[in-house]
Amino acid sequence: MRKMSGIIKLFRRNAVAYVFLTPWLLGFLVLTLYPMLYSLRLSFTDYDFTKPDSTQWIGLGNYQKMFGSVFGQSEFTASTGEVMRVDRYYTKSLSVTFTYVFVSVPLKLIFALAVAMLMNQKLRGVSFYRAVYYIPTLLGGSVAIAVLWRKLFEKDGLVNELLGAIGFTDLPSWITNPEYSLYTLILLTVWQFGSSMIIFLAGLKQIPQEYYEAASVDGANKVRQFFSITIPLLSPVIMFNLVMQMIGAFQAFTQAYIIGGGRGGVLNSTLFYTLHLYIQGWTYHEMGYASAMAWVLLLIIGGITAIIFISSKWWVSYGAGE
Amino acid sequence: MKTSTVIRHTLTHLFIIVLGLIMIYPIAWMIVSSFKPNNMIFSDPGLIPKAVTTENYITGWDGYAGTSFGKFFKNSFTICALAIVGNLISCTMAAYAFARLKFVGRGFWFAVMMATLMLPGHVTLVPRYILFNTFGWLGSILPIVAPKFLATDAFFVFLLVQFIRSLPKELEEAATIDGCGTFGVFLRIVIPLASPALVTTALFTFLWTWDDFFNHLLYLTRPDTFTVSRALRTFIGDAGAVSNWGGALAMGTLSIVPAFILFFSLQKYFVQGISTTGIKG
């Protein structure tokens, strides 16, 4: 009898816990796991939302469409016998996105760390300054700021007015010039360093002041202290910021969409990966292809995250004061 | 204090203030320019307008395709309110289970939840779209709001788990001894104690839903269902041309007012939210 009641108790405890977990579990199964498997399957088809009945299995066709141009192909024969054209803009969208991620994320983190160190001194009004520096992050993701950014970097926009006032001439339209347009978006991203700054600031506060005092007694200068104390002790925080910002940057969409007017900008110079995916899936109804693109994005992000985690063995220290 | 320290601190202050002004300048310029006559926005980089007008607010408020910004604001507030309710209920329930209850498979499900934190939403995009279509939900707010009731924002589950774990267990144990069941402990002890984290959750749910553009672009198809962020996009034509800059800047300015108010009234919750979970942005 006692054993029975023990089982009933165990069962009841689990049942109660799973009641609490039900919304999340349902959400995970219906809105995450099932869609993931479904999109993996769609990625091997030519699924078109407007005519789902004519969906055909095309094997690796979508993946060949993505990477065919790398091997100099312009068209290829799918497993259905149909001749498919490769996506000439896919590699462009990859290079745009990689440039964006690998330039904006490091710059953003360097800025965030530099400002956080400035604010980590015993100054009056730090919480006010912190608030002011966070405002661009608070608003930067909005459509309003994207619209504003277009205005600022146009031929006759605010930036050129200011540059003109201090003597520059022959200024380009930064937004519509394919050489510069991506960098206006990078600037917009770097401008929003507020979250990383707050996280760095919290991390810096954890470093005991005695370490720096001991280091100055030993004759280490500020630069030496930065590389021997600040960086190693902050390395877990740096890694965290790096991973989160990298994942976010690969998925950037709104600002490029607004500034490019719903397209990839002049000569596709701001054709972000997710923007290209959206255009393929929702403008051209190539939803099988869009699914394949999404899976490749997942693999890219997963791969880079894995590299950061594996490499962390060499550059992230978790022991205090070592 | 030594003279050298005073000088160093003054210089640091000066540097922080100048850099801060440069950072804020674009936003300040947008707000000021929204009160300038349309033909002067282009030629005037200064912050003090030579002429002040409310004309931009009047022409901008007219909105798009016969729907005014009044309606867009109402739509945005409705979606945000529902999203907040959904996230508060579902994320708190899941977080309580992960943080305090013992059950078979807890470690496994927790790992799954953490993995979804890093999952790019695009891999679920097309099937979700198909799914919502079979429900007949396209064009309505349901595809945006309903997932919130199923705790799909793992960020908040994580935030709340962290917070609930940090609470002292004694109160819950005392309540249990006094005959309070699991649901009673959850409602009467955990929820009141976790209220700072709930405010953070509500706050960021509001901001992200307010600023969300992608889902609104996908699912809101009729102009009378548009949110503010979706409607602002209509100021920019398909080729990138803008006909009414004044209106765009005026409505853009109005659209950032709620975020400003929340930020300055609830600042400590921002810092808490960002530093405990490293909220993106």
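**Entry 1: Ile279(A)**

I began with Ile279(A), which is buried, with a relative accessible area of 13%. I note at once that the model is a predicted one, and I read every value below as computed from that model. I placed Ile279(A) in helix H12 of chain A. Setting aside the neighbours within four places in sequence, I listed Gly262(A), Arg263(A), Leu271(A) and Tyr284(A) as the residues in contact with Ile279(A). For one of these partners I also looked up the spacing: Arg263(A) is 16 residues from Ile279(A) in sequence, while the two C-alpha atoms are 7.9 Å apart in space.

**Entry 2: His276(A)**

In the same helix I turned to His276(A), which lies in H12, residues 273–283 of chain A. Is His276(A) buried or exposed? I found a relative accessibility of 3%, and because the cut-off for buried is under 20%, His276(A) counts as buried. With neighbours within four places in sequence again left out, the contacts of His276(A) are Asp87(A), Tyr89(A), Tyr90(A), Ser93(A), Leu271(A) and Met293(A). Leu271(A) therefore appears in my contact lists for His276(A) and for Ile279(A), as I checked under the contact limit of 4.5 Å.

**Entry 3: helix H12 as a whole**

How many of the 11 residues of H12(A) are buried? I counted 10 of the 11, so the helix is largely enclosed by the rest of the structure. The buried residues of H12(A) include Tyr273(A), Thr274(A), Leu275(A), Leu277(A), Tyr278(A), Gln280(A), Gly281(A) and Trp282(A), together with His276(A) and Ile279(A) from the entries above.

**Entry 4: His285(A), after the helix**

H12(A) is followed by His285(A), and I noted that the phi of this residue is positive, near 60 degrees, in a residue other than glycine. I located His285(A) in the loop between H12 and helix H13 (287–315) of chain A. At 29% relative accessibility His285(A) counts as partly exposed.

**Entry 5: chain A overall**

I then stepped back to the whole of chain A, which has 13 helices and 2 strands. The radius of gyration of the chain is 25 Å, well over the 20 Å that the globule rule gives for 322 residues, so chain A is more spread out than a compact globule. Along its principal axes the C-alpha trace spans about 90 × 75 × 35 Å. Of the 322 residues of chain A, 54% count as buried, and of the contacts between residues at least 6 apart in sequence, 63% join residues at least 24 apart. I recorded an accessible surface of about 15,400 Å² for chain A, 64% of which belongs to carbon and sulfur atoms. For the charges, I found the mean position of the 23 positive ones to be 15 Å from that of the 16 negative ones.

**Entry 6: chain B**

In chain B, I looked up the domain assignment, which gives domain 1 as 3–59 and domain 2 as 67–277. The C-alpha centres of these two domains of chain B lie 32 Å apart, and 12 residues of domain 1 are in contact with 12 residues of domain 2. I closed with Ala151(B), which has a positive phi of about 50 degrees although it is not a glycine. Ala151(B) sits in the loop between helix H6 (142–145) and helix H7 (154–165) of chain B, and at 2% relative accessibility Ala151(B) counts as buried.

Terms used: Residues numbered from 1 in each chain as written. Chains lettered and ligands numbered in written order. Predicted model: local features only at pLDDT ≥ 70, side-chain atom pairs only at ≥ 80, totals over all residues. Heavy atoms only, no water. Helix = DSSP H or I, 4+ residues; strand = E, 2+ residues; numbered from the N terminus. Rg over C-alpha atoms; globule rule 2.2 N^0.38 Å. Buried < 20%, exposed > 50% of the residue type's maximum accessible area, 1.4 Å probe, protein only. Areas by Shrake-Rupley, 256 points an atom, 1.4 Å probe, with all protein chains shown as cover. Lys, Arg positive; Asp, Glu negative; His and termini not counted. Charge placed at Lys NZ, Arg CZ, Asp CG, Glu CD. Domains from an automatic or database assignment.
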